[in-house]
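Trainee: Could we go through this model together? I should like to begin with the sheet and then turn to the contact between the chains.

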Amino acid sequence: MNSLMAAIRSEFLKVFTTRVWWGLAIILFAYVGLVAAGAALLFANIPGAAGSSGAGGAQATSEMLTQPGLIYGFATSIGYVFPVLLGALATTGEFRHQSLTPTFLANPNRGHVLVGKILALTGVGALYGVIALVASVGLGGGALAISGVDPLLTDSDTWALIGRAVLAMALWGAIGVGLGAVLPSQVGAIIVVLAFTQFVEPLLRLAASFSEVTASIGRFLPGAATDALVGPSFYTMMSAQQDPLTWWQGGLVLVGIAAVISLIGYATTWRRDVT
Amino acid sequence: MTAGVTIEFDGLSKTFGAVQAVDQLTFHVEPGKVTGFLGPNGAGKTTTLRMLLGLVKPTSGTATFGGVPYERLPVPAATVGAALEAASFIPGRTARNHLRVHASAARLPASRVDIVLAQVGLLEAADRRVGGYSLGMRQRLGLATALLGDPGVLVLDEPINGLDPEGIKWIRGFLTALANEGRTVLISSHLLSEVQQSVDEVVIIAKGRLAHVGTLASLDAADTLRVVVNSPEHERLAAALDAAGYLYDEARSGLIVHDVEAIDIGRTALAAGIPLSALSRHRSGLEDSFLALVSGGEDHA
């Protein structure tokens, strides 16, 4: 077994031998499940929803809001912060607990260690994707069904969306690892993740939508790329973009962000003396 | 076990900004012996060991295992086992899981985990989180990590620090046994007294420079000869020493006589008919010559 395979294996073991991963997984499941089910119930039962007769405009809005894809997309549109956080913690924890010393003693090939971490956290990100989708499809889809809206679970488009959502969560795990390498301060990395994903990016996307030039740049924001990859979310509706990226372009943007940020981290903090 | 190889330091230097932390270190550490790497805190011991292990990049010079740098060893942990002082553990992980992670990262068989846990006496505490461990238990876990690959070379930074008296006795026997198997054992300490019962060879550095290399006995020989002598007839003993022209200091344990062999004092007392209650070579010499070497290093700086 070469040192890269060994690095991937041991990075998986590192994640699964501490409690952080399942603590975050439980919160992810509850958060996504509650929001998806709550939104499904709320929108399906506003006057004019499917089944009741109401004004045409209200009905159109309700039908748009209760598209199952939009409900299922909560897995990534609000859940993507979790794989980023776990990925960032995986890297910053090594700095914080000075465990880079045993890590680099076990495997002096630092490039392999970082790539191993990225690939392992991509895997765990995918697992988070599965957990988030069980929540959004299970609870959100269930709430739709109760409200008399077809959850479209036999539709191949729905399953394609689920697959793309898992891919998006996986890529966000990789981005988290790179981010942690750029910002080895654990507190700093957590603040940046939360501030950017919950506040800065949504505002930027809204602001970018006001002119055509900024809107075309705004498509490359990580959240916008995620929406392009997975499917429209509420943010997309808030900042109606012209000509959004295709799903594979969105995926490539996320891969690019992960690669660039990881390379910066490798070139700066990762190669430093470990004292 | 892989065979012990010679650790070779050759002109090793490290500069942090304007600070010369390690300055032109050249020495060898041989297999089959326990070598103490000594110097006061801040002398550059840890930086030297970190350069040897590929964690810190030397400004110039090399540190190798039989000519091969750490990062170029095929499976480093199977040749060299290391435990560094700051090698801390993720507090939420158990000792067993820490070793499993290390074994998989270092490409060592997982079957070694229970063996080394038993070797350092941590088998019963293996499934507790390391966050609740005492300093002594962490030292044992560090040693277990170093032993995972059954390596021919052991590099241990301050391994005795934090151990209780029983643990100190245990680790002394353990290190000697490892060296007797033909392994190269290098341990650092800032206290000579802490390691003087375990080491065969000493390498002393001060302010990043080499101050002394040799056997433990060579350190003793550098000491001036002193003898402790005491008698119930204290006044008469002092008078006899004065008469014979010896220089001495008053101490709680008796009189400390300078530049003399014990037999000469014995003859002087016998000739004067003075009964003696104590007569011995003064044994604080090792520590004294260590301190002299270490403070001598300051003059270079």
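Trainee: What is the order of the strands in the open sheet of chain B?
Mentor: This is a predicted model. In chain B, six strands form an open sheet in the order β5-β6-β7-β3-β8-β9, and their pairing is mixed.

Trainee: Which are the edge strands?
Mentor: They are β5 (80–83) and β9 (209–215) of chain B, each of which pairs on one side only.

Trainee: And by how many degrees are neighbouring strands turned against each other?
Mentor: The average for this sheet is 15 degrees, with direction ignored.

Trainee: Back to β5(B): how many bridges join it to β6 of chain B?
Mentor: There are four, and β5(B) runs parallel to β6(B), which covers residues 153–157. Within this pair, B:Leu154 in β6(B) has B:Gly81 opposite.

Trainee: Which helix lies across β5 and β6 of chain B?
Mentor: That is α5 of chain B, residues 135–147, and it runs at about 165 degrees to β5(B). Another helix, α6(B) (residues 165–180), lies across β3 (34–38), β6 and β7 (184–189) of chain B. Its angle to β7(B) is about 150 degrees.

Trainee: Changing topic, how many residues does each chain bring to the contact?
Mentor: Chain A contributes 26 residues and chain B contributes 28 residues.

Trainee: Which elements of chain A give two or more residues to that side?
Mentor: They are α1 (3–16) and α7 (100–106) of chain A. The most comes from α1(A), with seven residues.

Trainee: What about nonpolar, polar and charged residues there?
Mentor: The side of chain A that touches chain B has twelve polar, ten nonpolar and four charged residues.

Conventions. Residues numbered from 1 in each chain as written. Chains lettered and ligands numbered in written order. Predicted model: local features only at pLDDT ≥ 70, side-chain atom pairs only at ≥ 80, totals over all residues. Pairing = 2+ DSSP bridges. Axes fitted to C-alpha atoms, helices over the stretch in contact; angles between N-to-C directions. Contact = placed C-beta atoms within 7 Å. Nonpolar A, V, L, I, M, F, W, Y, C, P; charged D, E, K, R; others polar.
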